[in-house]
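Grab a pencil and try each exercise before you peek at the solution. Each one starts with a task and then works through it in steps.

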Amino acid sequence: VNGKTTAIPTKYRDVRLLDFIRDYIGLKGTKYGCGKGQCGACTVHIDGVAVRSCVVPLAQAAGRQITTIEGLSGTTATGSLHPVQKAWIEDDVPQCGYCQPGQIITAAALLKRNPDPTAEEIRNEMAGNLCRCGTYYRIQRAIGRASKEVGK
């Protein structure tokens, strides 16, 4: 997880990846939302792909590279904030902030696959991440901003 090898104690073998990340490792940035893989609050990267950790059995994640919001900056060459995180700050995206880790992780996976997405591609990719505060426009704008830095 986030570049560190983590042993899985026997008592955690039958839990969800989300519970292991939050309860065993203590990384609280990955949020519990719906518990059904529908809201996106629990999104993490598994081998660079955005997945909903609340529906992934821990056994499926064993031996794979897991990146949470806390480790996203470690995926950059300099170890500084990821371009999506920088754009989130510059565009003042969060309101309550609860969904933001999942939004940022999803956006980072999009830009890794497609460094220059269209507005429609951004909307389509982010459609599965819910924001109760309705900051969708700012989210989309920040992803567009980040794509300019990723695409360099």
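What follows is a set of five exercises on this chain, which is a predicted model.

**Exercise 1: the overall build**

Task: Work out how many helices and strands the chain has, in what order they run, and how compact the chain is.

Solution:
- Step 1. Count the elements: you should get 6 helices and 3 strands.
- Step 2. Read them off from the N terminus, and the pattern is α-β-β-α-β-α-α-α-α.
- Step 3. Now compare the radius of gyration with the globule rule. The chain has 15 Å, close to the 15 Å that the rule gives for 152 residues, so the chain is as compact as a globular protein of that length.
- Step 4. For the outline, look along the principal axes: the C-alpha trace spans about 45 × 35 × 20 Å.

**Exercise 2: inside, outside and charge**

Task: Find what share of the residues is buried, how much of the accessible surface belongs to carbon and sulfur atoms, and how far apart the centres of the positive and negative side chains lie.

Solution:
- Step 1. A residue is buried if its relative accessible area is under 20%. By that cut-off, 41% of the 152 residues are buried.
- Step 2. The accessible surface comes to about 8,100 Å², and carbon and sulfur atoms hold 50% of that.
- Step 3. Sort the charged side chains into 20 positive and 13 negative ones; the centres of the two sets are 4 Å apart.
- Step 4. For how the chain folds back on itself, take the contacts with a separation of 6 or more: 55% of them are between residues 24 or more positions apart.

**Exercise 3: helix 1 and its neighbours**

Task: Pick out the buried residues of helix 1 and find which elements they pack against.

Solution:
- Step 1. Go through residues 17-25. Leu17, Leu18, Phe20 and Ile21 are buried.
- Step 2. Look at what these buried residues pack against: strand 1 (43-46), helix 2 (58-61) and strand 3 (66-67).
- Step 3. Check just after the helix, where Gly26 takes a positive phi of about 85°.

**Exercise 4: two loop residues compared**

Task: Is Asn129 buried or exposed, and where does Pro115 lie?

Solution:
- Step 1. Place Asn129 in the loop between helix 5 and helix 6 (136-150).
- Step 2. Asn129 has a relative accessible area of 1%, so Asn129 is buried.
- Step 3. List its company. Leaving out residues up to four places away in sequence, Asn129 touches Cys39, Gly40, Thr43 and Arg52, among others.
- Step 4. Zoom in on the Asn129 side chain, which reaches the backbone oxygen of Gly102 at 3.2 Å.
- Step 5. Now find Pro115, in the loop between helix 4 (100-113) and helix 5 (119-126). At a relative accessible area of 33%, Pro115 is partly exposed.
- Step 6. Pro115 and Ile143 are 28 residues apart in sequence, with their C-alpha atoms 10.0 Å apart in space.

**Exercise 5: positive phi without glycine**

Task: Find where Asp47 and Asp92 sit, and what is unusual about their phi angles.

Solution:
- Step 1. Start with the background: most residues other than glycine have a negative phi.
- Step 2. Asp47 goes the other way, with a positive phi near 50°. Asp47 lies in the loop between strand 1 and strand 2 (49-52), and at 42% relative accessibility Asp47 is partly exposed.
- Step 3. Asp92 has a positive phi of about 50° and isn't a glycine either. Its place is in the loop between helix 3 (83-90) and helix 4.
- Step 4. With a relative accessible area of 54%, Asp92 counts as exposed.

Notes. Residues are numbered from 1 along each chain as its sequence is written. This is a predicted model: local features need pLDDT of at least 70, side-chain atom pairs count only at pLDDT 80 or more; totals for chains, interfaces and linings use all residues. Side-chain values use heavy atoms; hydrogens and water are left out. Helices (H or I, at least four residues) and strands (E, at least two) are DSSP runs, numbered from the N terminus. The radius of gyration is taken over C-alpha atoms; the globule rule is 2.2 Å times the number of residues to the power 0.38. Buried means under 20% relative accessible area, exposed over 50%, partly exposed in between (1.4 Å probe, protein chains only). Contact means heavy atoms within 4.5 Å. Accessible areas come from the Shrake-Rupley method with a 1.4 Å probe; for residues, only the protein chains shown count as cover. Lys and Arg count as positive and Asp and Glu as negative; His and the chain ends are not counted. The place of a charge is taken as NZ of Lys, CZ of Arg, CG of Asp or CD of Glu. A polar contact is a pair of N or O atoms within 3.5 Å; within protein, one must be able to donate a hydrogen and the other to accept it, and residues adjacent in sequence count only if both atoms are side-chain atoms.
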